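Grab a pencil and work through these exercises at your own pace. Each one has a task, followed by a solution in steps.

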Amino acid sequence: MSELSVDLSPCLLFDLHSHTTASDGELSPCDLVQRAVEMRVGVLAITDHDTVAGLATAQQAIDALSLPLRLVAGVEISTLWENHEIHIVGLGLEPGHAALTQLLEQQKIRRWQRAQAIGERLERARIPGALEGAQRLAGEGEITRGHFARFLVEQGKASNVGQVFKSYLAKGKTGYVPPQWCTIAEAVDVIHHAGGVAVLAHPGRYDLSPKWLKRLLACFVAAKGEAMEVAQCQQAPDERTQLARYARDFQLYASQGSDFHRPCAWIELGRKLWLPAGVTPVWQHPVLAALPLTAESLQRNGCEEQR
Ligand code: AMP
Ligand code: MN
Ligand code: MN
Ligand code: MN
């Protein structure tokens, strides 16, 4: 495959946040990359919760099927900041880097301990078998509250996952257990050691007032984080504009990603992903700009004609 050095990124559709069965996504890495191509995504980051286990299989599928898709190696690390669970996405990193492996091993232990505690709390609330149920749904993947939510839906405790969170798993509810995640600074540092770019995930989803969101951004910048997500598929238009303003004010690169977990009516790979004018896309960051874009992926995305 030939590599092109000219900047053809305007022709490509970037989706830089997605999940597979390696964490709480419902599609295997192989199915996810094929769906991304169907949705005309040209550059996809797989960013599973605290694991990079899906990346190798995804790349193998891309190679075996000669898919016109560039895979960006990513991860979504859970951190704790001022009692809030803040997610930091790492993009363009070396999945096997020792520092990253070490942090992810610690996070895996924390995840497992939290899952056991959630299971116990639900047991006391007369919902037996939740840990085993969540484990069954997680399979080989990292266990998350998403798996508990799916189990509770299966048990008829609520009609959908969102409702389960509201009634059982959100902060202050019966099944909520305060987590022991690493700090923002640790996550950013490890992402940098592994050669990646650190991105503050979905800043609009933490239920923070503008004052607290600005504090979070200041803390992230102080930790040397470089980018923030500005565009997602499900967003009020003013949220995107406001986040773009923050990206400019805090001199952060802007990212976009669907946070796709499963086929559903509202969220789809690549859907509604565009950045407002005046921000610098994260793919222009030197780490990501250095990634080769294959001729195939460019051609498929209609770039050959435009050159
Ligand atoms: P965990 O990392 O174990 O805390 O699980 C977090 C995951 O649960 C998120 O990445 C989402 O996939 C899912 N989740 C969290 N809050 C909600 C919610 N209110 N509705 C639906 N899914 C949620
Ligand atoms: Mn998730
Ligand atoms: Mn997240
Ligand atoms: Mn996510």
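**Exercise 1. Find out how strand β4 (residues 84-91) is joined to β5, then follow the chain onward from β5.**

Keep in mind that you're looking at a predicted model.

Step 1. Look at how the two strands run: β4 and β5 are antiparallel, and four bridges join them. One place to check this is Gly90, whose bridge partner in β5 is Ala198.

Step 2. Now turn to strand β6 (residues 227-231), which pairs with β5 in the parallel sense over two bridges. Here Val199 stands opposite Ala227 in β6.

Step 3. Trace the path between these two strands. From β5 the chain passes through helix α8 (residues 210-222) to reach β6, and this β-α-β crossover is right-handed.

Step 4. Check both faces of β5 (residues 197-200). In a regular strand, side chains alternate between the two faces of the sheet. On one side of β5 you'll find Val197 and Val199, on the other Ala198 and Leu200, and all of them are buried, so both faces are covered.

**Exercise 2. Work out the strand order of the open sheet and name its edge strands.**

Step 1. Read across the sheet: its seven strands come in the order β1-β2-β3-β4-β5-β6-β7, and the pairing is mixed.

Step 2. Look for strands that pair on one side only: these edge strands are β1 and β7.

Step 3. Zoom in on one edge. β1 and β2 run parallel and are joined by two bridges. In this pairing, Asp15 stands opposite Leu44 in β2.

**Exercise 3. Which residues coordinate the manganese ion (ligand 2), and where do they lie?**

Step 1. List the donors: Asp24 (OD), His49 (NE2) and His261 (NE2) coordinate the ion at 2.1 to 2.2 Å. Their spacing in sequence is D-x24-H-x211-H.

Step 2. Place two of the donors. Asp24 sits in the loop between β1 (14-15) and α1 (29-38), while His49 sits in the loop between β2 (43-46) and α2 (55-64), so this pair ties together parts that are 25 residues apart in sequence.

Step 3. Place His261: you'll find this residue in the loop between β7 (253-256) and α10 (286-289).

Step 4. Buried or exposed? Buried means under 20% relative accessible area. Asp24 has 9%, so Asp24 is buried. His49, at 7%, counts as buried, and so does His261, at 16%.

Step 5. See what else is around His261. The His261 side chain reaches the backbone oxygen of Asp259 at 2.9 Å. Leaving out residues up to four places away in sequence, His261 touches His19, Asp24, Gly25, Glu26, Leu27 and His49.

**Exercise 4. Do the same for the manganese ion (ligand 3), and find how far this ion is from ligand 2.**

Step 1. Name the donors: Glu76 (OE), His87 (ND1) and His202 (NE2), at 2.1 to 2.2 Å. They are spaced E-x10-H-x114-H in sequence.

Step 2. Read off the separation: the two manganese ions, ligand 3 and ligand 2, are 5.6 Å apart.

Step 3. See which parts of the chain the donors bring in. Glu76 in strand β3 and His202 in the loop between β5 and α8 link parts of the chain that are 126 residues apart.

Step 4. Apply the burial test again. Glu76 counts as buried at 1% relative accessibility, and His202 is buried at 4%.

**Exercise 5. How many aromatic pairs are there, and how is each one arranged?**

Step 1. Count them: there are two aromatic pairs.

Step 2. Take Phe14 and Trp283. Their ring centres are 3.9 Å apart and their planes lie at 10°; planes under 30 degrees apart count as stacked, so this pair is stacked. Phe14 is in strand β1 and Trp283 in the loop between β7 and α10, 269 residues apart. Phe14 is buried, with 5% relative accessible area, and Trp283 is buried with 14%.

Step 3. Now take Trp81 and Trp212. Their centres are 5.9 Å apart with planes at 70°, which is over 60, so the pair is edge-to-face. Trp81 belongs to strand β3 (residues 70-81) and Trp212 to helix α8, 131 residues apart. Trp81 counts as buried at 10%, whereas Trp212 counts as partly exposed at 29%.

Definitions and conventions. Residues are numbered from 1 along each chain as its sequence is written. Chains are lettered from A and ligands numbered from 1 in the order in which they are written. This is a predicted model: local features need pLDDT of at least 70, side-chain atom pairs count only at pLDDT 80 or more; totals for chains, interfaces and linings use all residues. Side-chain values use heavy atoms; hydrogens and water are left out. Donors are N, O and S atoms within 2.8 Å of the metal (3.2 Å for Na, K and Ca); water is not among the atoms, so sites may look incomplete. Buried means under 20% relative accessible area, exposed over 50%, partly exposed in between (1.4 Å probe, protein chains only). Two strands pair if DSSP finds at least two bridges between them. A crossover is right-handed if, with the strands pointing away from the viewer, the path from the first strand over the helix to the second runs clockwise. A polar contact is a pair of N or O atoms within 3.5 Å; within protein, one must be able to donate a hydrogen and the other to accept it, and residues adjacent in sequence count only if both atoms are side-chain atoms. Contact means heavy atoms within 4.5 Å. Rings of Phe, Tyr and Trp (its six-membered ring) pair if their centres lie within 6.5 Å; planes under 30 degrees apart count as stacked, over 60 as edge-to-face and the rest as tilted.
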